[in-house]
Amino acid sequence: MTDTRGPQPQYEGYATGPLPGEREPATGPAGPYHPPQAYPSPSGGTQGGQQRGGAQSGTQGAGGAQATRLPRTGARTTPRTRKARLRVAKADPWSVMKVSFLLSIALGICTVVAAAVLWMVMDAMGVFETVGGTISEATGSNESNGFDLQSFLSLPRVLIFTSVIAVIDVVLATALATLGAFIYNLSAGFVGGVELTLAEDE
């Protein structure tokens, strides 16, 4: 068979040049690698790249320029108040009973002291004597002197009566608070409880 394609051109590079494994490495100044960019970078970006490149080359040479960090214009200057949203899912009846017991005792003591101070102030102003005289004249007769209000509302009797009221208040307040804790736990199981939003002080 005869070749009808005619004379073929010869590639001198493959014929005369060295093979890929036999080529010598390029001896040139090694610089930072810049990958190709799909879009042209803005003017500020090129300057920033030059500044970063100068900062990297400044460690190798004495006359390298250092990059300066510019402040952010959109940064927040006011402190942000942190908030936490919590939910009271359950109230311990035992702890509620202890707290309500102590608070009711303190309230009972305040009631007794307030009653004693009020009685002393009213006695010093002569209220019992004036009101007692009026009542004794209205209820008195020729045979009896009438009702003696001042002896009935004496200080020991008033303190005893106030102490009884304070004890009853302690028992009722403790029982109602404990019962309220049980009722709250039952209602929290259906609706999820009371939600609270807590914020941090500035």
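**Exercise 1.** State how many helices and strands the protein has, and in which order they come.

*Solution.* The secondary structure of this predicted model consists of six helices and two strands. Going along the sequence, the order is α-α-β-α-α-α-α-β.

**Exercise 2.** Find how the two strands, E1 and E2, are joined, and in which direction they run.

*Solution.* Start with the positions: E1 covers residues 83–88, and E2 covers residues 194–199. Next, take the pairing: six bridges join E1 to E2, and the two run antiparallel. For one facing pair, look at Leu-86, which stands opposite Leu-196 in E2. Last, consider cover: E1 is hardly covered, with zero buried residues among its six.

**Exercise 3.** Decide whether Val-117 is buried, partly exposed or exposed, and name the surface patch residues that go with it.

*Solution.* First locate Val-117: it lies in helix H3, residues 93–124. Its relative accessibility is 46%. Buried requires under 20% and exposed over 50%, so Val-117 counts as partly exposed. Val-117 helps to make a nonpolar surface patch of about 750 Å², together with Phe-101, Leu-102, Ile-105, Ile-109, Val-113, Val-121 and Met-125.

**Exercise 4.** Describe the protein as a whole by its burial, its surface and its contacts.

*Solution.* For burial, 12% of the 202 residues count as buried. For the surface, the accessible area is about 17,600 Å², and carbon and sulfur atoms hold 62% of that. For contacts, take those with a separation of 6 or more: 72% of them link residues 24 or more positions apart.

Terms used
Residues numbered from 1 in each chain as written. Predicted model: local features only at pLDDT ≥ 70, side-chain atom pairs only at ≥ 80, totals over all residues. Heavy atoms only, no water. Helix = DSSP H or I, 4+ residues; strand = E, 2+ residues; numbered from the N terminus. Buried < 20%, exposed > 50% of the residue type's maximum accessible area, 1.4 Å probe, protein only. Contact = heavy atoms within 4.5 Å. Areas by Shrake-Rupley, 256 points an atom, 1.4 Å probe, with all protein chains shown as cover. Pairing = 2+ DSSP bridges. Patch = residues over 30% accessible without salt bridge, like charges linked within 9 Å, V, L, I, M, F, W, Y side chains within 5 Å. Salt bridge = Lys/Arg side-chain N within 4 Å of Asp/Glu carboxyl O.
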